[in-house]
Amino acid sequence: LADRGRHLPDGQGTAPGTQRGTPGPGGDREAAGGWGMRSERVSQLSAVGGDDLHQEVQGVGGMSWKRARLAEITSMKTGKLDSNAAVEGGTYPFFTCSQQTFRIDTPAFDTKAVLLGGNNAAGIFPLKYYEGQFNAYQRTYVIESLDPEIPNIRFLYYALRPALSHFQSASIGAATQYLTKKILDNFPVNLPPISEQHRIAS
């Protein structure tokens, strides 16, 4: 049977899809809609340029938002497979450093996670959210919450979107740009109260 996960694609250059629940290849549930409507809400999510960590910042509506490094609020691992492990028509999503999501017959993860490609020739790193069973390439970061609620992992997907240009400039390498775990571990994110995280992620 095909997986029934929920998938938020990166949508580089476009607003993610305008429909919710649109079946994707193999039965994925595309649930991306509404980036344009969320853009005002997430304008303060990225803490790029902020020097002080663990401080409180003034968020939308006067709420107090906390700031933390990704390493303090998430666990981060990579897949184990080469990119050529993809199987055409496979049962499960296979996330690589491509903007395209491939397929595979064997899952290695069953979780809610943000998927972030760790290398790309142009430094355009794919960012996706998925809930369900999947597998990942050895240079794709699988990012999960250390606490099931803080942060809301789907919220984190939206929080990292504005940071993609920062990751591009911070990456290292010549012919291929690499996004190292050190870069990600030290990246600061502004965290609104959990109720606001749920509202942004919904």
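Contact here means heavy atoms within 4.5 Å. The model on display is predicted, and the stops below proceed from the whole chain to individual elements and side chains.

**The whole protein**

Begin with the full chain in cartoon view. The protein contains six helices and 14 strands. Of its 202 residues, 48% are buried. A surface representation would show an exposed area of about 9,500 Å², to which carbon and sulfur atoms contribute 51%. Among contacts between residues at least 6 apart in sequence, 65% link residues at least 24 apart.

**Asn120 in strand β10**

Select Asn120, which belongs to strand β10 (residues 119-120). Its relative accessibility is 17%, so Asn120 counts as buried, the cut-off being under 20% relative accessible area. Next, display the backbone of Ile124: the Asn120 side chain reaches the nitrogen there at 3.1 Å. With residues up to four places away in sequence set aside, Asn120 touches Cys97, Phe125, Thr176 and Gln177.

**Strand β7 and its two partners**

Move to strand β7 (residues 92-95), and add strand β8 (residues 102-104) to the selection. These two strands pair in the antiparallel sense over three bridges. A hairpin of six residues joins β7 to β8. To locate one of the bridges, pick Tyr92, whose partner in β8 is Ile104.

Now add strand β11 (residues 127-136), which pairs with β7 in the parallel sense over two bridges. Here Phe94 stands opposite Asn135 of β11.

**The nonpolar cores**

Which residues have the most contacts inside the largest nonpolar core? Select Leu116, Leu156, Leu160 and Phe167, which hold that place in a core of 29 residues. Helix α3 (residues 153-160) gives the most to this core, contributing seven residues. A second, separate core has eight residues, including Phe95, Phe109, Ala113 and Phe134.

Return to Leu116 and show its surroundings. Apart from residues up to four places away in sequence, Leu116 touches Phe125, Pro126, Leu127, Arg139, Thr140, Tyr141, Ile143, Leu164, Phe167, Leu179 and Leu184. Phe125 is also among the residues touched by Asn120, and the selection from the earlier stop may therefore be kept on screen while Leu116 is examined.**Helix α3**

Select helix α3 alone. Eight of its eight residues are buried, so α3 is largely enclosed by the rest of the structure. The buried residues are Ile153, Arg154, Phe155, Leu156, Tyr157, Tyr158, Ala159 and Leu160. At the start of α3, display the side chain of Asn152: one of its oxygens reaches to within 2.9 Å of the backbone nitrogen of Arg154.

**Helix α6 and Gln197**

Continue to helix α6 (residues 194-201), where the buried residues are Glu196, Gln197, Ile200 and Ala201. They span an arc of only 135° around the axis, which places them on the same side of α6.

Is Gln197, in helix α6, buried or exposed? At 1% relative accessibility, Gln197 counts as buried. Show its environment, leaving out neighbours within four places in sequence: Gln197 is in contact with Glu149, Pro151, Asn152, Phe155, Leu191 and Pro192. Two residues from the previous stop appear in this list: Asn152, which supplies the side-chain oxygen at the start of α3, and Phe155, one of the buried residues of α3.

**From strand β5 into helix α2**

The last stop concerns two residues, Arg69 and Leu70. Arg69 is found in strand β5 (residues 64-69), whereas Leu70 lies in helix α2 (residues 70-73).

Arg69 has a relative accessibility of 29% and so counts as partly exposed. Select Val189 together with Arg69: the two are 120 residues apart in sequence, while their C-alpha atoms are 6.2 Å apart in space.

Leu70, by contrast, is buried, with a relative accessible area of 0%. Its C-alpha atom is separated by 6.3 Å from that of Asn186, which is 116 residues away along the chain. With neighbours within four places in sequence left aside, Leu70 is in contact with Met76, Leu156, Leu160, Leu184, Asp185, Phe187 and Val189. Leu156 and Leu160 are among the residues with the most contacts inside the largest nonpolar core, and Leu184 is one of the residues that Leu116 touches.

Note on methods. Residues numbered from 1 in each chain as written. Predicted model: local features only at pLDDT ≥ 70, side-chain atom pairs only at ≥ 80, totals over all residues. Heavy atoms only, no water. Helix = DSSP H or I, 4+ residues; strand = E, 2+ residues; numbered from the N terminus. Buried < 20%, exposed > 50% of the residue type's maximum accessible area, 1.4 Å probe, protein only. Polar contact = N/O pair within 3.5 Å; in protein donor to acceptor, adjacent residues only side chain to side chain. Areas by Shrake-Rupley, 256 points an atom, 1.4 Å probe, with all protein chains shown as cover. Arc of directions from axis to C-beta. Pairing = 2+ DSSP bridges. Core = buried A, V, L, I, M, F, W, Y, C linked by side-chain atoms within 4.5 Å.
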